[in-house]
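Good morning, and thank you for joining this short presentation. Please have the sequence and the model open while I speak.

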Amino acid sequence: MSALLELKHLTVEFHTRAGVLHAVNDLSYSLAAGETLGIVGESGSGKSVHALAMVGLIPSPPGRIVSGEVLFNGRNLIGMPERQLRDIRGKEIGFVFQDPMTSLNPVLTVGRQIMEPLRRHLKLSQNAARKRAVELLDLVGIVDPDRRLDQFPHEFSGGMRQRVMIAIGISCEPKLLIADEATTALDVTVQAQILELVRDLKRKIGTTVIWITHDMGVVAGLADTVQVMYGGRIMERGPVSAIFRDPRSAYTWGLLRSLPGKITAPGQRLYQIPGSPPNMVHPPAGDPFAPRNSFATDRCRTEVPPLRQVDGGAAGHQVAAWYDLRSAIANQGAQS
Amino acid sequence: MKAFFSALLKSPSGLAGFVLLSLFIAIAIFAPMAGLVSPIRGDLMARLSPPTWTGPFSPGAHPLGTDEVGRDILSRIVNGSRLTLLLATTAVVLGGIVGTLLGIIAGFYGGIVDRILMRLVDIQLALPLMLLALLVVAALGPSFVNLVIVLALTSWIRYARIIRGQVFALREREFVQSAYAIGASTWRIMLRHILPNVLTPALVVATLELARIIIMDAALSFLGLGVQPPNPSWGRMLADGRVYISTAWWIVTFPGLAILLTVLSVNLLGDWLRDHFDPKMRTSR
């Protein structure tokens with residue numbers, strides 16, 4: 001499999017009144033065509049910002065891409081003229097945003113909003129675009145699509161609107177679909193339906209997907225590869241089974257422990273990672289998670305750990321840590 | 001179109017405004033075919049004759065009476081509406097387009113662009129509009145085109161201020177980012193995504209402005225700087241007739257009523273249009 005998307009040392013800053021906020025730090029990863037990548041992290045981990053920065057969607061100023069390359073299909077998106085980027089956005093890279101309630105323009109009919117990228121990118125005629133829009137709405141499971149096209153967003157429920165957003169995102173059959181917290185604002189039942197829809201669509205049109213979320217559960221059900229981000233860096237990355245069965249980063253381990261289920265017994269309080277996310281205006285010198293990590297060594301606090309292959313781990317399972325999580329947990333268990 | 005009228009029929013005030021305004025516009029358009037007496041030529045024998053229906057002392061066919069030089073009031077009102085309505089709508093449309101676009105630009109770009117445009121608005125608001133209009137008309141001369149420009153000039157700031165505020169809030173909404181994410185350009189977003197969102201407030205301002213401009217046009221004519229005599233204009237009729245208000249009340253009353261009814265009908269229709277174009281007020285088909 002060849003890489004569809006390759007990030008090399010992407011660094012993004014925001015110039016705020018409080019100082020320079022280091023949102024994304026030296027981020028590198030690659031994504032194969034057809035792969036589904038789940039990116040997990042808490043607020044401020046840089047997971048959304050890096051995705052927006054890739055296609056030039058962060059407001060500048062205050063945002064600034066300091067360095068790095070984003071190779072999409074072999075072309076570098078960073079520094080590409082806005083005019084060319086516009087041709088890529090919506091056509092080759094589709095987006096689905098978090099809040100379906102506000103992501104649709106309230107005064108335009110749903111049909112017009114679905115037809116816009118079709119007319120803009122595929123240069124379809126009004127009639128052809130409408131026909132295609134009906135197909136798309138049908139594809140994302142909206143009943144009576146022909147009538148629905150002429151309605152306004154407020155006539156749709158939250159789950160339906162997110163289906164519409166997905167229809168817009170996949171309208172031009174993009175090579176890459178980036179879903180940024182696409183199910184976060186929805187209730188669990190609707191969330192399950194949307195996830196099923198995405199799995200189904202992947203089977204039908206084979207799009208590569210980046211699914212950004214803070215919900216480990218969503219990632220488990222959808223992704224091939226999981227990437228855990230914290231403080232604008234990758235903490236751990238690997239095949240979904242490896243990450244869930246054999247986490248090697250203390251942060252991943254903390255996230256998994258805070259899920260209800262296997263690790264926590266019924267009746268027991270859910271685990272909570274101590275402390276709060278780092279202030280990225282003054283990020284920790286070394287491993288960004290070190291201040292909240294009880295296993296952190298002195299080296300963790302002073303030197304940023306590189307992402308490396310896990311010893312004896314599954315293929316592609318990488319972690320950025322100076323400590324060895326397994327022996328650290330064993331030691332702690334022995335002491336107490 | 002059918003849905004538009006069936007919705008209109010359900011609103012008594014909107015319907016009243018629509019019917020009245022259509023009537024005025026129809027009268028203005030078809031005035032030359034109505035076979036009225038000349039609005040300009042006076043009949044000195046019949047000067048200051050009261051409306052026919054008020055008593056036996058009015059000779060000839062002057063349904064609304066005549067003025068101090070014997071000109072027919074009805075004919076002057078009807079013919080005056082042509083100029084007044086044309087002038088007011090042109091000025092409203094011109095001021096509305098300029099004001100809305102500048103408001104969108106100021107609100108969307110913000111920063112220095114916004115500051116320059118809004119200071120311009122502030123400066124103009126600091127000057128009494130009437131004084132500004134008087135100055136420009138006095139300097140350039142009271143031609144039709146100059147009047148339209150002057151009235152539009154006093155009007156654009158109201159659109160710009162309101163629209164700019166709306167756009168400020170709109171540009172932070174997620175649908176703007178969604179539009180960028182499907183590859184729309186900044187201009188396209190301003191015109192195709194933001195503009196439809198501000199049409200409703202712009203329409204409300206437009207109805208208020210149409211009424212204000214009709215009154216301002218009348219005021220300018222009243223001061224002698226509007227439509228020039230002998231062409232009839234409602235404002236000038238008021239100005240000329242005020243001297244006779246105690247002896248010949250009809251000279252000022254009927255043009256005054258014409259102004260009142262026109263402004264009222266515009267406001268009624270405008271109110272209804274605002275509700276009609278708000279998608280949330282609309283029932284699903």
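I shall take the sheet of chain A, then two of its residues, and finally a helix pair in chain B.

First, the conventions. This is a predicted model, in which local features need pLDDT of at least 70 and side-chain atom pairs count only at pLDDT 80 or more, while totals for chains, interfaces and linings use all residues. Residues are numbered from 1 along each chain as its sequence is written, chains are lettered from A and ligands numbered from 1 in the order in which they are written, and side-chain values use heavy atoms, with hydrogens and water left out.

Let us begin with the sheet. In chain A, eight strands form an open sheet of mixed pairing, in the order β6-β7-β8-β3-β9-β10-β12-β11. Helices and strands here are DSSP runs numbered from the N terminus, helices being H or I with at least four residues and strands E with at least two; two strands pair if DSSP finds at least two bridges between them. The edges are β6 (93-96) and β11 (308-309) of chain A, each of which pairs on one side only. At the latter edge, β11(A) runs antiparallel to β12(A), residues 318-319, through two bridges, and R308(A) has V319(A) as its bridge partner.

I turn to β9(A). How many of the residues of strand β9 of chain A are buried? Six of the six residues, 225-230, are buried, so the strand is largely enclosed by the rest of the structure. Buried means under 20% relative accessible area, exposed over 50%, and partly exposed in between, with a 1.4 Å probe and protein chains only. In a regular strand the side chains alternate between the two faces of the sheet. Here T225(A), Q227(A) and M229(A) point one way, and V226(A), V228(A) and Y230(A) the other.

On one pairing, β9(A) is parallel to β3(A), residues 36-40, over four bridges, with T225(A) the partner of L37(A). On another, six bridges join β9(A) to the antiparallel β10(A), residues 233-239, and Y230(A) is matched with R233(A). These two strands form a hairpin with two residues between them, and G231(A) in the turn has a positive phi of about 55°.

Within β9(A), Q227(A) has a relative accessible area of 0% and is therefore buried. Beyond its neighbours within four places in sequence, Q227(A) contacts several residues, among them Y29(A), L37(A) and E236(A), where contact means heavy atoms within 4.5 Å.

By comparison, consider S28(A), which belongs to strand β2(A), residues 19-32. S28(A) is partly exposed because its relative accessibility is 28%. Outside its neighbours within four places in sequence, S28(A) touches L7(A), K8(A), H9(A) and I234(A). Its side chain reaches the backbone nitrogen of H9(A) at 2.8 Å.

Finally, chain B. Two packed helices are described by the angle between their axes and the distance between the axes. The axes of α9(B), residues 186-222, and α11(B), residues 250-277, come within 8 Å and cross at roughly 175°. That makes the two helices roughly antiparallel, a term for angles over 145 degrees. Axes are lines fitted to C-alpha atoms, for helices over the stretch in contact, and angles run from 0 to 180 degrees between N-to-C directions. The contact includes L203(B) and I214(B) of α9(B), and V263(B) and F277(B) of α11(B).

Note on methods. A polar contact is a pair of N or O atoms within 3.5 Å; within protein, one must be able to donate a hydrogen and the other to accept it, and residues adjacent in sequence count only if both atoms are side-chain atoms. Angles under 35 degrees count as roughly parallel, over 145 as roughly antiparallel, 65 to 115 as roughly perpendicular and the rest as oblique.
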